[in-house]
Amino acid sequence: MPEWKNTVNLPRTGFSMKANLQTAEPEWLARWQEMDLYGEIRKRRAGQPKFVLHDGPPYANARIHIGHALNKILKDFIVRSRTMAGFDAPYVPGWDCHGLPIELKVDRELGPKKRDLSVADFRRACRKYAAEYVQIQREEFERLGVAGLWSKPYLTMNYGYQAAIVRALGKFVEQGMVYKGKKPVHWCIHCRTALAEAEVEYEPHTSPSVYVEFPLAPSAMDELAVRVPALAGRAVSTLIWTTTPWTIPSNLAVAFHPETTYGAYAVGDTHVIIAQAMAERVSKATGKVFGEPVATFPGAAMDRLAFRHPLYDRDSLGVLGDYVTLEQGTGVVHTAPGHGSDDFLTGVRYGLDIYAPVDASGRFLDTVESFGGQRVFDANPLIEEALQKRGRLWHRENFEHSYPHCWRCQNPVIFLATSQWFISMDSGHLRQRALDAIDRVQWIPSWGRERIHNMVAFRPDWCISRQRSWGVPIPALNCTTCLTPLLTTALVERAAGIFDEYGADAWYERPLEEFVPPGLACPNCGGRAFERDGNILDVWFDSGSSHEAVIPADPNLTWPADIYLEGSDQHRGWFHSSLLIGIGTRGAAPFRQVLTHGFVVDEHGRKMSKSLGNTVAPQDVIKQSGAEILRLWISMVDYGEEVRLGPEILARVVEAYRKFRNVLRVLLGNLSEFDPDADVVPPARMLEIDRWVMARFAGVAERIVAAYERYDYQAIFQEANAFITVDLSAFYVDVTKDRMYTFGAQSEARRSGQTAMFSIVDGLARLLAPILPFTTEEVWRNLPGQQREPSVHLSLFPAGLDAWRNDELLRQWKQLRSVRDEVNAKLEHERQAKTISSNLSARVELEFDDHGLECLTQHREFLPTLFGVSDVTVGPVRERDVSSTKGESPGSPTLQVRVRKADGVKCERCWRYVAEVRTEPDWAGICDRCVEALAEPVAR
């Protein structure tokens, strides 16, 4: 007697159950490189509509972290999906190679050797360091499965790029937007350089909070008596509050709001002037008793009255400022024009010296009485002590607040007036033009528009100069006779031409004469002797010029780019600088859409840090599980918010991937001998359940493609996950298992199922290729048929699925599945009760009314297959069984399910219980259906 188990159509496929992604992924990368897959994609998409994602360049100074992986994989989702939607979507990756992070690393590596190097030699060491990490990061990004022109990325240190940066600067010079002036800027005393707004991060900080008294100058008493007669002949002073005592030596004024009401309060032997609304709060903070004011008056009455400096023998001028608020302090603001933006503007308006007696390392100059040579922050307690000795310190306490820190070294910064190069935000209406352009861009999420709009609307002029070595030099000259700075379009273009040929190192090595246009003279004194400016450009100008340096030079790219994608911090960084440079060079934003993502935090929502031990390195995830797991994780999360990651989350991702893979493997296994060129069953002859699953898939595919269009990858995962694990695994694969295993290998019923399965696996491979490029390529290679692209990534999203849409069919099968759920619950109950040993040992009796369950009668013959049992009877309700009734509301369908042990004998091949089995020696023990199936060849 034959071994009947050897006669069933068991699944066979080269698509293994175990993915072995750690070894399989590098093999796929090698194959793609060998076939020049990226080049082939470009050839296939040539002439199609363009879609350009312009890459924001990461710093080439370390190995990639999980934030890099999130960013680059999201970009890959976009580029791959647009490519498979039929666009020509090239991707040129880039790196930001200049700047202080690299310079500091090289400083540490060189140590004392740096003293023996010229600036050009040091720059070459920086270039070498950056190039090493470009290569490291390139390999790590490629390992993530990110496709692009990795053989020819853009680097901000390339000669042509450096020249393009200078030419972009020249556009601003040409429009009269660039000037050099002494203004307070954020200054890092550790990095010894100016910082732009984008290079400042606000972190919690503890500062000394002090209340300091400024007595009225004797020379101002008569004028005060005229303005406020009630104070005639009285001792008068004012009180300021500050959290930067170190700026007191630089104080030149005290500011009042012109329209605020101030009061003079008798406190001890003086009458102190503060804002009337702040009296109670100041009294509580200082412990001084403030009674009723002797006089009240508007702040305007204090204009140009002189007060005495609390430490030095000089006056501090009473000034007016609309920026004085009543949120904190006394309503009177200590003003040091060299150490604050509002202070500076006030100083200019009142003709005060822009006094900032602090050097680049944050030390007071020797000319500062009592504190020369002291680091400013170290001087705080010394200044407080000096104020206390003079009786001018009313109170001090520690104050917790948000304070600016350097984004590179994470140390607190200061405001320091230094001579810097600026781009004026209001010359040429740059600010307004940028604000107008913002409204023409699609910001995703939409709150990004308001964020960058406010930043541009209220930002100061752009400080573009830095006092470092590794960057693109500002090609300006200084007159050696009168020190007047010169920066002209002729200077810029001459420098750009030299940089094109020799790189920006030429500024430090080649003769100055090569950079000086013929006939150049100082516009101030007429002098013709010059020296080079020692500043480099802000690195945000470097990276923000990428659309000028990269896109116009590549005929495969289009300006403006269709989309920029970076972290949400780039509204003040790369998005911001790119926007301003786009307005300055071309009068438009360099992007049509801007998409932002959040930052990666741990499973508890905490910021990742080495000290907490909660970091997740992408290299470790790849080593343990494969890059596909990182990619699937990114598709599962709402990347617009903070994104959580940790061991438990990764375990869930691995399980989700395993389910995907197992279902795909089952489907592929059922296609082992299927030839799509010869065996496809026309839709009209396909079984209804096969047409149903195709109708479901058509809707899923449409929603997935639409989600790609709107960059909603979480919706894609949810659609795919529900379809694969619920519609396919839990239902369709289960219901069709008997047909695929036991029907004749070439029977039309089995071919019908294979036709649906082939279309679905083929379609899922295409639809999931942007997210799971390695796995879908493996699926693609294991699909039957010869008429297909050599790689899934050369194909397009599935087309022609609309013909499968059938809402009525979906409605009927939704009801049938609901009934199946009821039957399954009853079957499980009877298995637990030992009434049946398995579903196939059961007979199901359905009793129902005619309201809403007509589909059961229509599908009577299919019900045993649907429920996975040996027999089903259907009929009208005979007596109501509350425990097995579905539908309680009036008018709803009534269904009663009863499970009995099946009658008959068990077929030894299909395991169904039938009325009788064959007894002939060749067919002994099997049913008529199996005999008929075995009359056809078995799939091998």
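Visitor: In which loop is His429 found?

Guide: In this predicted model, His429 is found in the loop between strand E15 (414–423) and helix H11 (430–438). His429 has a positive phi of about 55 degrees although it is not a glycine.

Visitor: Is His429 buried or exposed?

Guide: The term rests on the relative accessible area: a residue under 20% is called buried, and one over 50% is called exposed. His429 has a relative accessible area of 59%, so it is exposed.

Visitor: Where does Arg192 lie, and what is its phi?

Guide: Arg192 lies in the loop between strand E3 (178–188) and strand E4 (193–195). Its phi is positive, about 60 degrees, although Arg192 is not a glycine. With a relative accessible area of 42%, Arg192 is partly exposed.

Visitor: I should now like to read the packing of two helices. What describes it?

Guide: Two packed helices are described by the angle between their axes and by the distance between those axes. Here, helix H12 (residues 447–458) packs with helix H17 (residues 574–586) at an angle of about 60 degrees, and their axes are 11 Å apart. That angle makes H12 oblique to H17. The crossing in which H12 passes H17 is right-handed.

Visitor: Which residues of H12 and H17 meet?

Guide: From H12 come Ile452, Met455 and Val456; they meet Phe575, His576 and Leu579 of H17. Sorted by class, this contact of H12 with H17 has five nonpolar residues, one polar residue and no charged residues.

Visitor: Let us turn to sheets. In what order do E16, E23 and E24 stand?

Guide: To read a sheet, one may take the order of the strands, then their pairing. These three strands form an open sheet in the order E16-E24-E23, and the pairing is parallel. E16 and E23 stand at the edges with a single partner strand each, so one side of each is left without a neighbour in the sheet. On average, neighbouring strands of this sheet are turned by 15 degrees against each other, direction ignored.

Visitor: How many bridges join the strands of this sheet to E24?

Guide: Strand E16 (residues 442–444) pairs with E24 over three bridges, while six bridges join strand E23 (residues 561–567) to E24. On the E16 side, Ile444 stands opposite Leu595 in E24. On the E23 side, Leu565 has Leu595 in E24 as its bridge partner, and Gly567 stands opposite His597 in E24. H17 packs on the sheet, touching E23 and E24, and its direction makes about 150 degrees with that of E23.

Visitor: Why is E24 described as largely enclosed?

Guide: Strand E24 (residues 591–597) has six of its seven residues buried, so it is largely enclosed by the rest of the structure.

Visitor: Which peptide bonds before Pro445 and Pro560 should I examine, and what is their form?

Guide: For a peptide bond, the angle to read is omega. The bond from Ile444 to Pro445 is cis, with omega near -5 degrees, and Pro445 is found in the loop between E16 and H12. The bond from Trp559 to Pro560 is also cis, with omega near 0 degrees. Pro560 is found in the loop between helix H16 (546–549) and E23.

Visitor: How does strand E9 pair with E6 and with E8, parallel or antiparallel?

Guide: Strand E6 (residues 236–242) and E9 pair in the parallel sense over three bridges, with Ser237 opposite Val272 in E9. Strand E8 (residues 261–267) and E9 run antiparallel and are joined by six bridges; Ala264 has Ile273 in E9 as its bridge partner. E8 and E9 form a hairpin with two residues between them, and Gly268 in the turn has a positive phi of about 65 degrees. Six of the six residues of E9 (residues 270–275) are buried, so this strand is largely enclosed by the rest of the structure.

Visitor: Against which helices do the buried residues of H24 pack?

Guide: One may begin with the count of buried residues. In helix H24 (residues 773–782), eight of the 10 residues are buried, so the helix is largely enclosed by the rest of the structure. Among the buried residues are Phe774, Val779 and Trp780. The buried residues of H24 pack against helices including H1 (21–34), H5 (119–143) and H23 (748–768).

Definitions and conventions. Residues numbered from 1 in each chain as written. Predicted model: local features only at pLDDT ≥ 70, side-chain atom pairs only at ≥ 80, totals over all residues. Heavy atoms only, no water. Axes fitted to C-alpha atoms, helices over the stretch in contact; angles between N-to-C directions. Helix = DSSP H or I, 4+ residues; strand = E, 2+ residues; numbered from the N terminus. Parallel < 35°, antiparallel > 145°, perpendicular 65-115°, else oblique. Left-handed = near helix turned anticlockwise from the far one by under 90°. Contact = heavy atoms within 4.5 Å. Nonpolar A, V, L, I, M, F, W, Y, C, P; charged D, E, K, R; others polar. Buried < 20%, exposed > 50% of the residue type's maximum accessible area, 1.4 Å probe, protein only. Pairing = 2+ DSSP bridges.
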